[in-house]
Structures are given as C-alpha cells and as structure tokens.
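Student: Could you take me through how one reads the interior of a protein model, starting with its cores and then turning to its empty spaces?

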Amino acid sequence: MARQRTRASRASILGIAGAVCAVLLAACGGGSSGGEASPSASLDPNADLSKQSIVVSNWDAYMDPDVALKFTDTTKANITVAKHATNEEIVGKLTAGGDPGIDVAFVSGQYAQALNEAGLLEPIDPKLVPNLANLYPESKNLAFDPGNKFSVPYAWGTTGICYREDLMSAPPTSWNDLLNPAPENVKKTLMLATQPWMNLPAAKALGFSANTTDQGQLDQIKQQLLKTKPTLLGFDDVTFYERLASGEVNMAVAWDGWCNYSGDPNVKFVVPKEGADLWADTMVVLKSSKNKEAAMAYINFMIGDEMQSWMTNNILYKSPNKAVAEKAAAELGADYPNIAMTPADLAKGEGLIDLGEAAKIYQQIATEVQAS
Amino acid sequence: MPALTYLIVLMVVPLTLVIAYAFLTAGRFGGVQGPVTLDNIGRLFEPLYLGILVSSVVNAGLATFFAFLIGFPAALAITRLPATWQTAALVAVVLPFWTNFLIRTYAWIILLNREGILSDALGLVGLGPVDFLYTRQAVILGLTYAYIPLMVLPIYASLQRLDPTLLEAARNLGAGPWRRFRTILLPLTLPGIITGCLFVFIPSLGNFVIPELLGGGNSQMIGNLVRDQFLKSRDWPFGSALALMVLALLVVIVMFQASASRRTRRWGA
C-alpha cells in the first residue's frame, strides 16, 4: 500500500521523472487515537449528477489521462483532477482543518484507516457503488478496512524479491536467501529504504507480523538488518530495477509491479515462502464533500472495467476487479508474472495497517541501520 | 520598512515556528500538540544522531574542499580569458543549473554504477569493475559536482577586483608562482573564497537527495534525517529540533566567516 512510490505510466516510469519523484516522497507513518466515522445523512440515489462537481486528488499518472472526459461522458458530473506526490502530502492536506476542497482522495490503505479514525471519511454507500460486486471478495476484506466501510481498493499487490534468473545458481525461495546471502550474492543485493518494507523481509523471516509493534521483535528485526547490511550493495527505492537490468545485482526487494519496469525477461519475481505483505491503494470520500453522490459515482467508475483495464495494463499493478484481473492474467501473465498471481495467493500476504506511534520506532530502525 | 516586513515574514516567523515546534509533542498526523517538552532536544545528543551530524559535516566539508581545489583554478583561468570569452565561460559554469538537479544527480548513477561508464573504463585497463555507486565517495563527488558553480562565481568576482599590477610587481621583484599565490592571490581573494566555501558547504550539509540516490543508505546525512522526521515518522518536533541543531552550527560558521572577512578587510586597508 503505501507507496511512497510514484505511480506512473509504464513509459514515464522508465524515465527519470518517475524515479525522481519517488525520492522526494514520503512513506508510511502513523499515529494514534481518533474517533471512527459515523454515517451522515443518507445519500440520494436519484441525485442529478449533472449539477454536481467533484475534485479528485490522485498520484500523478496513476489513472487514465482522459478520466475527466470519460467520467463526465458517463455520469454527467463535473470533475477536476488534482495531484499529490505522496500519502503524507494528501493526508497533511486533509487533516489540516477546514474544508480541503477535495471530494475523493487516493491513499494507501493504512492511511485510509488513519483518516477514518480521525473521523474525516464518509462511509461508502454500496448502493451507489454497484461495481463493488465485480471485485474479488478477498479485495473487499482487507485488514485496514474489512467490508469496505470507508475505502474502495483501486489497485493491490504485495512485496517480494525481484531476481536475475540467469545470474543465480538457484532462484531465491526464502527471505533468508537475501538476508543471509550465499557468497555469490554478497554485495549483489538491494533492499528497500522505506518502512515498513525495510523491516518486512526480516520480520517475515523471523516469523513476526509485518505490522509488529512488539519492542523485543523489533529489536530482533533490527539485529538481523544490521547483520544483513554489510552484505548489501545498498538501499534503493528508486532505481533498483535498473540495477537488476544491468546485472549489478542479483536480487532486490521490490513491490511486485516494479520488477516489470526492468524490461528484462531474465528478471523474475518471487514471494518468499515465509510470506509477505498485502497492500492496497484505495479511494476514499471526504465527509466534507458537498457532492457525495458524484463522489460515489466516481469511485464506482474507477473500479469499472474500463478504468481498471487502463490501470493494470499501464501501471502493471494488479486489479481488484475480477474480470479485468483474469483477462490481464491471461494476456500479460506470461511477461509479467505478478499480474498472474491469484487473489488467493495474494491474500496470503499480511495486510498492512496503520502503525500508529510505532511508525517512529520503525523509522528509528531505518535510521540506525543506514547509519551503521 | 519593506525590509523589516520582509525580515519578519520570511525570517522571524518561520524561525519562531521551528523553535516552538522543537519543544512540543508530535501530533497524530504530523503537526504538533502539547505538552511542552525537552525530549526532542535531549534526543539530539544520542550518539546515533550526533554521529550522523559529524559525518554530514565531514561530507560537506570534503565536498567544499574539493570544490575549492577545482573551483579556484577554474575561476583563475576564466579571468585570464579575453573579455568576450569570459562571459561565455561564466555561462558555461552556470549552465548545469538550467537542468533539473535531480536529473543531473540521476546522470551520476548512470556514470558510477558497477556496469557504468567509469567502472567499464577502469575495467579496460584491468582495474574494474569498481563499485562507485552507493558509497560515501559517490555522495561527496555528487555534492562537489552539484555546488561547484557556487564556488567559482564568488572567487571569480574577487579575482576580477584584484589589481593585476600587484601580481606584475611581485613577479618583477622575483616572487615565484607559489609565492605570488600565497602572498597576493590567496589573501586578497579570501573573502570570495570564504563566501564560495559557505555557498558550497551550507547546501551540501542539508542535501538529502544525493545521499539517497548516490549513497544508497550507506551515507545518510542530516538532511535525510530532517526529511524523514517530517515525511516518514510524522515527528515534526524532533525534525524541528534537528533543524535547529543544523542552524546553530551554521550560525557559528557564519560568525566565523564574518570575523574572518573583517580581518581580511583590515589587511587590505
């Protein structure tokens, strides 16, 4: 979920701009407390959408560039598209107080959870989002929001190891293959610099939750990372797929869609046997929205076949829309193995949730490991 | 009066906010809340953070030193050019600034990686492959490269003001090149050199993009730490405390610079 990564079309992600933006970004984090959202006045299913207009904030290049035209054609509602670079940026805007002037925001799941705890989100009205019926049941039962009470998934995925099949004597099957590498892989591995994904391999290898907040477990994770660091080439969130393509590294921890950006058929993706995470990027409706019917219609439109096909074909993330995902698996699965993952496999991953106060401890571990 | 407004809006207000934040507690989504606390200041003295500060100062200091080693001869060479060529040379010095900073840094990744041009070239003469990327050296190189124009320009300006007859007289009286450099060029351009050093040191110290892209987590700097507190930990108070620590360091350095240039003015008089 959470990405601090920039979403971008395949073409542009290969370019510098995508890489560059990702660096500037933020990632996950957390806090505590806050009241749950409660339903406000019920929405009118017969509202005249042509009189409504909404503002949607999304990561740059994460949806069909013609979305505004197509949405207005379909629903008659007016739409303005705004951009945010990171989860932190949009959450900052939405929690600053007052009317943020945004009706629908794209945020990663654990951020949706936090926004809901802060009482800022309008409950999703399933009557106004009939396309929910087309989503995989697994995608409607994610840890941060079981039953889509306040968020609807736009894309989902997991984290694993991208590796060079042709350069390794045996493909990796365990996080330990990367954390405690064989001599042939020493200084030929990369890990992600962003939490919670920096912790994830060690957490899973040690049998802990990806969301652990137990101090003793976090200490063990840190010890493993300190031990792993001298065997790494480095931490890289931005250009790791290029390091794989050039053969500088044999393995890199990676969000699943990103292996594909290397453009190299020898780069394969595996979810290690100890398991990994399950993230989702979601859409939420703000309680402050004055055009909630159009906002719900927008979410419905975005999980429909046309927009989901665009997303999975261009971003190479997995679609929660069953028909779209199955078609993509058949058409793209051979070239992009992550697209072929079944929802059952995906749902084996542990759903990431808001870490609350522990976000500070996670970041402290990242700082200590990098400073070691 | 406009100057005072400018000072208050752009300097006093933000600084007051940073100072106030440093003594508060982190909020749920970033931001700050009560109670007032000294914890953030206390954390600054943990060895982890002091260590990163020291290594940042060393990185920025080395970048400044190398920028001087390259920048001074470059500025000198420019002043020796015919007037029209001087303009062209100065434009060339500034030219990289017309390209996005991140793209220029990204270019270094292409040059420095194990399969990159530099490593390949060394490989041809039997010295490669070499890992330059994700090293501290790469960070220092990146910082030096990024800010060299800021070293060249002030040194060029003070060399321009230098009376060439002084160097001529020294030569006529038998001073060799080293002596002319040491007793005339260096002292009389010292204000420019110090300005150039500050212009390189200060942004180098706060840079977080180069350590992240070229250092690959092997050379964190204080800028990364401040950025992480605001964008990753949502710990604005500690981020503010870190920023204050850097600010205090810079105030000391600028005061040193001010007194140094006062001294050089006295010598000049």
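Tutor: We will go through the cores, then the cavities, and then one exposed side chain, keeping in mind that this is a predicted model.

Student: Which residues have the most contacts inside the largest nonpolar core, and how many residues does that core have?

Tutor: The largest nonpolar core has 142 residues, and those with the most contacts inside it are A:Met283, A:Tyr298 and A:Met302. Helix α7 (residues 136-161) of chain B gives the most to this core, contributing 11 residues. From chain A, the core draws at least three residues from each of domain 1 (32-157 + 278-351) and domain 2 (159-275 + 358-371).

Student: What does A:Met283 touch, not counting residues up to four places away in sequence?

Tutor: With those sequence neighbours left out, A:Met283 touches A:Val104, A:Ala105 and A:Phe106, and also A:Phe150, A:Ser151, A:Val152, A:Pro153 and A:Tyr154, among others. Its contacts also include A:Tyr298, A:Ile299, A:Met302 and A:Ile303. Apart from the largest core there is a second, separate core of 18 residues, which includes B:Leu44, B:Tyr49, B:Ala60 and B:Ala241.

Student: How should I look for the empty space?

Tutor: Rolling a probe the size of a water molecule over the atoms reveals where empty space is left. Here, a search of the whole structure finds 4 cavities of 30 Å³ or more, and the largest cavity holds about 150 Å³ of space. Its lining has 18 residues, of which A:Ala193, A:Gln370, B:Glu212, B:Gly217 and B:Asn224 are the closest to its centre. The elements that give two or more residues to this lining are α10 (209-215) and α11 (222-231) of chain B. By class, the lining of the largest cavity divides into 6 nonpolar, 6 polar and 6 charged residues.

Student: Which residues line the second largest cavity?

Tutor: That cavity, with a volume of about 40 Å³, is lined by A:Lys360, A:Gln363, A:Gln364 and A:Thr367 together with B:Arg43, B:Tyr49, B:Gln229, B:Ser233 and B:Asp235. Helix α14 (residues 358-371) of chain A gives the most to this lining, with 4 residues, and the lining as a whole has 1 nonpolar, 5 polar and 3 charged residues.

Student: Why does B:Phe256 count as exposed?

Tutor: The cut-off for exposed is over 50% relative accessible area, and B:Phe256 counts as exposed because its relative accessibility is 58%. B:Phe256 lies in helix α12 (residues 236-268) of chain B. From C-alpha to C-alpha, B:Phe256 and B:Ile155 are 19 Å apart in space, while in sequence they are 101 residues apart.

Definitions and conventions. Residues are numbered from 1 along each chain as its sequence is written. Chains are lettered from A and ligands numbered from 1 in the order in which they are written. This is a predicted model: local features need pLDDT of at least 70, side-chain atom pairs count only at pLDDT 80 or more; totals for chains, interfaces and linings use all residues. Side-chain values use heavy atoms; hydrogens and water are left out. A nonpolar core is a set of buried Ala, Val, Leu, Ile, Met, Phe, Trp, Tyr and Cys residues joined through side-chain atoms within 4.5 Å. Buried means under 20% relative accessible area, exposed over 50%, partly exposed in between (1.4 Å probe, protein chains only). Domain bounds come from an automatic or database domain assignment. Contact means heavy atoms within 4.5 Å. On a 1 Å grid over the protein atoms alone, a cavity is a set of points where a 1.4 Å probe fits but cannot get out, and a pocket is an open set with protein on both sides within 12 Å along at least five of seven lines; lining residues have an atom within 4 Å of a point. Grid points are joined across faces, edges and corners, and a volume is the space filled by probe spheres set on the points. Ala, Val, Leu, Ile, Met, Phe, Trp, Tyr, Cys and Pro count as nonpolar, Asp, Glu, Lys and Arg as charged, and the others, Gly among them, as polar.
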